[in-house]
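Student: Could you walk me through this structure, starting with whatever I need to know to follow the vocabulary?

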Amino acid sequence: MQHEEEIICSVLNGDLRAFKVLVTQYEKLVSYMVGRIVQNQEDARDISQEVFIKVYKNLGSFKFQSKLSTWIAQIAYLTAINHLKKVSGKRNLTDDIADFENHHKTTDNPETLLIRKNNAAFINKQIEQLPVHYRTVLTLFHLNEFSYTEIEAITGMPEGTVKNYLYRARKLLKEKLELYIKQQG
């Protein structure tokens with residue numbers, strides 16, 4: 001695998017094969033992250049393509065002050081969040097969190113919950129239902145293994161907020177999982 005600086009330099013010199021290498025290296029990160037924020041698959045694919053267009057157009061402004069993956073993840077995050085803001089109109093994303101926290105303790109129909117074949121599938125379903133900021137922080141920290149500082153750089157959220165959202169997301173998932181296991185037994 002080529003060094004990031006070499007790839008970036010090649011892309012900036014017009015080498016489209018180098019850009020293809022870059023896309024291949026980061027497409028999983030971008031599609032997974034966008035998919036966690038924007039749950040409509042068709043929109044998520046379009047936004048992922050838009051992210052790489054932005055990466056290509058703005059690669060010259062990348063100053064190696066962070067990892068390239070952090071910079072690309074930031075573009076993916078902002079592009080997906082902007083899409084959500086356009087789609088949801090005036091609804092504030094923090095309303096999403098308040099609504100979820102106020103209603104998370106109400107249990108769904110047990111048959112609906114028990115459709116899931118195992119705990120991992122159940123947890124994934126619960127992650128998908130989390131408010132967008134919780135989903136994002138959880139995904140970046142646990143699945144993409146970004147540090148708190150990197151998540152702050154990607155999302156623009158202060159580190160304390162990142163830690164708070166991560167704590168709350170884990171707590172909500174734990175409560176849902178405990179309830180699920182209790183209903184299984």
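Tutor: One term will help us shortly: a crossing of two helices is called left-handed if the near helix is turned anticlockwise from the far one by less than a right angle, and right-handed if it is turned clockwise. Please also keep in mind that what you see is a predicted model.

Student: Okay, so which hand does the crossing of H4 and H8 have?

Tutor: Where H4 passes H8, the crossing is right-handed. Helix H4 covers residues 68-88 and helix H8 covers residues 132-143, and the two pack at an angle of about 165° with their axes 12 Å apart.

Student: Why are H4 and H8 called roughly antiparallel, then?

Tutor: Angles over 145 degrees count as roughly antiparallel, and H4 and H8 are therefore roughly antiparallel to each other.

Student: Which residues meet between H4 and H8?

Tutor: From H4 come Tyr77, Ile81 and Leu84, and they meet Val132, His133 and Thr136 in H8. Sorted by class, this contact has four nonpolar and two polar residues, and no charged ones.

Student: Let me step back a bit. How many helices and strands are in the chain?

Tutor: The protein chain has 10 helices and zero strands, so to speak an α-α-α-α-α-α-α-α-α-α pattern when it is read along the sequence. Of its 185 residues, 38% count as buried. If you take the contacts in the chain with a separation of 6 or more, residues 24 or more positions apart account for 70% of them.

Student: And how do H1 and H2 pack?

Tutor: Helix H1 (residues 4-12) and helix H2 (residues 16-37) pack at an angle of about 130°, with their axes 8 Å apart, and that makes H1 oblique to H2. In this case the crossing is left-handed.

Student: What does each helix bring to that contact?

Tutor: H1 brings Glu4, Ile7, Ser10 and Val11, which meet Ala18, Phe19, Val21, Leu22, Gln25 and Tyr26 in H2. By class, the contact of H1 with H2 has seven nonpolar residues, two polar residues and one charged residue.

Student: Switching topic: how many aromatic pairs are there?

Tutor: Counting rings of Phe, Tyr and Trp whose centres lie within 6.5 Å, the total comes to five aromatic pairs. One of them is formed by tyrosine 134 and tyrosine 165, a tilted pair with 5.3 Å from centre to centre and 55° between the planes. Tyrosine 134 lies in helix H8 and tyrosine 165 in helix H10 (residues 159-184), so this pair ties together parts that are 31 residues apart in sequence.

Student: Are those two tyrosines, 134 and 165, buried or exposed?

Tutor: Both tyrosine 134 and tyrosine 165 are buried. Another pair is that of phenylalanine 141 and tyrosine 148, whose ring centres are 5.1 Å apart and whose planes are at 20°, so the pair is stacked. Here phenylalanine 141 counts as partly exposed at 22% relative accessibility, and tyrosine 148 is partly exposed as well, with a relative accessible area of 25%.

Student: Which residues form an aromatic cluster?

Tutor: Phe62, Phe64 and Trp71 form one aromatic cluster. Phenylalanine 64 lies in the loop between helix H3 (41-58) and H4, and its relative accessible area of 40% makes it partly exposed.

Student: What is phi of phenylalanine 64?

Tutor: Phi of phenylalanine 64 is near 60°, which is a positive value in a residue other than glycine. As background, most residues other than glycine have a negative phi. Glutamate 145 also has a positive phi, near 55°, and it sits in the loop between H8 and helix H9 (148-155), where it counts as exposed at 67% relative accessibility.

Student: Last one: what does alanine 169 touch?

Tutor: Not counting residues up to four places away in sequence, alanine 169 touches Leu130, Tyr134 and Leu138. Alanine 169 lies in helix H10 and is buried, with a relative accessible area of 0%. Its C-alpha atom is separated by 7.1 Å from that of leucine 138, although the two residues are 31 apart along the chain.

Key. Residues numbered from 1 in each chain as written. Predicted model: local features only at pLDDT ≥ 70, side-chain atom pairs only at ≥ 80, totals over all residues. Heavy atoms only, no water. Axes fitted to C-alpha atoms, helices over the stretch in contact; angles between N-to-C directions. Helix = DSSP H or I, 4+ residues; strand = E, 2+ residues; numbered from the N terminus. Parallel < 35°, antiparallel > 145°, perpendicular 65-115°, else oblique. Contact = heavy atoms within 4.5 Å. Nonpolar A, V, L, I, M, F, W, Y, C, P; charged D, E, K, R; others polar. Phe/Tyr/Trp six-rings, centres within 6.5 Å; stacked < 30°, edge-to-face > 60°. Buried < 20%, exposed > 50% of the residue type's maximum accessible area, 1.4 Å probe, protein only.
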